[in-house]
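Dear colleague,

Please find below the structure I am handing over to you, with its sequence. My notes on it follow directly after.

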Amino acid sequence: MNNFAFSSPTHILFGQGQIAALAGQIPQDAKILVTYGGGSIFKNGVHQQVSEALANHSFGEFGGIEPNPRYETLMEAVSLIRNEGYDYLLAVGGGSVLDGTKFIAAAVCHTGSDPWDILSNDAPVTDALPIGAVLTLPATGSETNGAAVITRGQDKLAFISPRVKPRFAVLDPVTTYSLPPRQVANGVVDAFVHVMEQYLTNGGAPVQDRFSEGLLLTLIEEGPKALATPQDYPVRANLMWAATQALSGLIGVGVPQDWATHALGHELTAHFGIDHGRTLAVVLPAMLRVRREVKKAKLLQFAERVWGITDGSDEARIDSAIAKMESFFRTLDVGTRFGDYELGAADIDTLVAALERKGMTALGEDGGVTPAVAQAVFEAAL
Ligand code: NZQ
Ligand code: ZN
């Protein structure tokens, strides 16, 4: 196991009715800006619960943070905060609202000329406004991690800083009852692939591996149930907690991490607008088929421990494990091929060129995903 430092400072309030307790997490004299997305929180009662919880605080609101949050929208919030003097952010929504709020928190405190440098030039985040989160979509893990993914033009870039980890996160599974099936499925796939990026590498360690396999098995068992019986509280609770743990950082400590599937997936979103989770369902099966030699030992472990495959040659077991994973995504009604999104071979050049332009030419835990390998992965997903 490699050396590591790990802290997870987010105070978690988990369970039905916990939104009511959020006021106790925010200083009484804070001037709060509540951030949200396109309005789902007005339809499912979450906005009302948050407003009631903040009855004795001073707060304003900023809505309209879109899925795959955009720099221009977020900079409007930065101006608002500078003009009105807000000093605490409360993000209410899915990963996009949380990520967007992390960028706002860092951008307000950025001393350079353009906060976009935090994403495009690795400008350090030296300070950020404090953030609290009310999560309504289990998927990204953004509620306890320091990562955010922001889009400007056709650049979809990420930054990571411990300074934007939420101070607290409310995870009430009931808030997820109103999710459309498409978003439930996206979330299951996203969480599944987060585990795979940290587990399905050419390394590993027993504690991290067993935690990861537990999360994968939970997602495989609970994901379809959330679609079949949307108001099943234990199912929603287990899914929400699995998605948080999939990218809280815990399973990735001390082991190699891959993230090439995410890098290729982000190009599919940036250029063709495909939902994040869906891009991963397209890329991961193809990635594992192309990279099966590098990842052989772990693929065999995945086949046995996650899918119960013990018979047949090494190659047959690997084929079967990847096929079962792809078919799991498809049972959630998530397309796994270019054709499912009306894309074809002619679209691959754009994607590979974008990776090259950003210098993403040695991705994966071993730097083995070169532009030629990325091309092969996209071709394997046709
Ligand atoms: O905007 P509203 O009206 O709230 O509607 C949203 C949005 O349309 C809706 N929604 C959310 N909660 C709902 C709900 N609708 C009904 N009931 C609810 N309870 O769902 C739609 C999608 O929301 P979004 O936040 O975009 O989805 P998700 O949570 O999947 O976030 C995706 C974003 O996170 C980034 C992705 O790249 C993408 O931009 N990621 C962030 C990561 C991180 N911070 O660590 C890691 C991930 O790999 C990922 O890249
Ligand atoms: Zn993801």
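Glycine 17 is a convenient place to begin: it sits in the loop that links strand E1 (11-14) to E2. This is a predicted model, and what follows should be read as such. Glycine 17 has 11 C-beta neighbours inside 10 Å and therefore counts as exposed, the limit for that class being 12 or fewer. Between its C-alpha atom and that of histidine 110 there is a separation of 36 Å, the two residues being 93 apart along the chain.

The strand after that loop has another setting. Of the 5 residues of strand E2 (residues 31-35), 4 are buried, so the strand is largely enclosed by the rest of the structure. E2 is joined by 5 bridges to strand E3 (residues 58-62), and the two run parallel. Within this pairing, leucine 33 is found opposite glycine 60 of E3. E2 also runs parallel to strand E4 (residues 88-93), with 4 bridges between them. Here threonine 35 has alanine 91 of E4 as its bridge partner.

Turning to the overall division, the protein chain consists of domain 1 (11-176) and domain 2 (181-380). Their C-alpha centres are 26 Å apart. Domain 1 brings 16 residues to the contact and domain 2 brings 22 residues. The side of domain 1 that touches domain 2 comprises 5 nonpolar, 8 polar and 3 charged residues.

Where does ligand 1 lie with respect to the two domains? Both domain 1 (11-176) and domain 2 (181-380) contribute residues to the shell around ligand 1, so the ligand lies between them. In total, 35 residues surround ligand 1, and Gly37, Gly38, Pro67, Gly94 and Gly95 are the closest. At least two residues of this shell come from each of helix H1 (40-43), helix H4 (95-108), strand E6 (147-152) and helix H6 (181-199). By class, the shell around ligand 1 holds 23 polar, 10 nonpolar and 2 charged residues.

For residues 185-353, UniProt gives the feature "domain: Fe-containing alcohol dehydrogenase-like C-terminal", from an unreviewed entry. In the model this span is 69% helix and 0% strand, and its end C-alpha atoms lie 30 Å apart.

Two residues deserve a look at their backbone angles. As background, most residues other than glycine have a negative phi. Tryptophan 259 has a phi near 70°, a positive value in a residue that is not glycine. Tryptophan 259 is placed in the loop between helix H8 (233-246) and helix H9 (260-272). Is tryptophan 259 exposed or only partly exposed? There are 19 C-beta neighbours inside 10 Å, so tryptophan 259 counts as partly exposed; a residue is classed as buried at 20 or more.

The second is glutamate 342, whose phi is positive at about 60° although the residue is not a glycine. Glutamate 342 belongs to the loop between helix H12 (314-331) and helix H13 (348-357). With 9 C-beta neighbours inside 10 Å, glutamate 342 counts as exposed.

With kind regards

Note on methods:
Residues numbered from 1 in each chain as written. Chains lettered and ligands numbered in written order. Predicted model: local features only at pLDDT ≥ 70, side-chain atom pairs only at ≥ 80, totals over all residues. Near = placed C-beta within 6 Å. Nonpolar A, V, L, I, M, F, W, Y, C, P; charged D, E, K, R; others polar. Domains from an automatic or database assignment. Pairing = 2+ DSSP bridges. UniProt positions renumbered as here; feature names shortened; annotations may be inferred. Contact = placed C-beta atoms within 7 Å.
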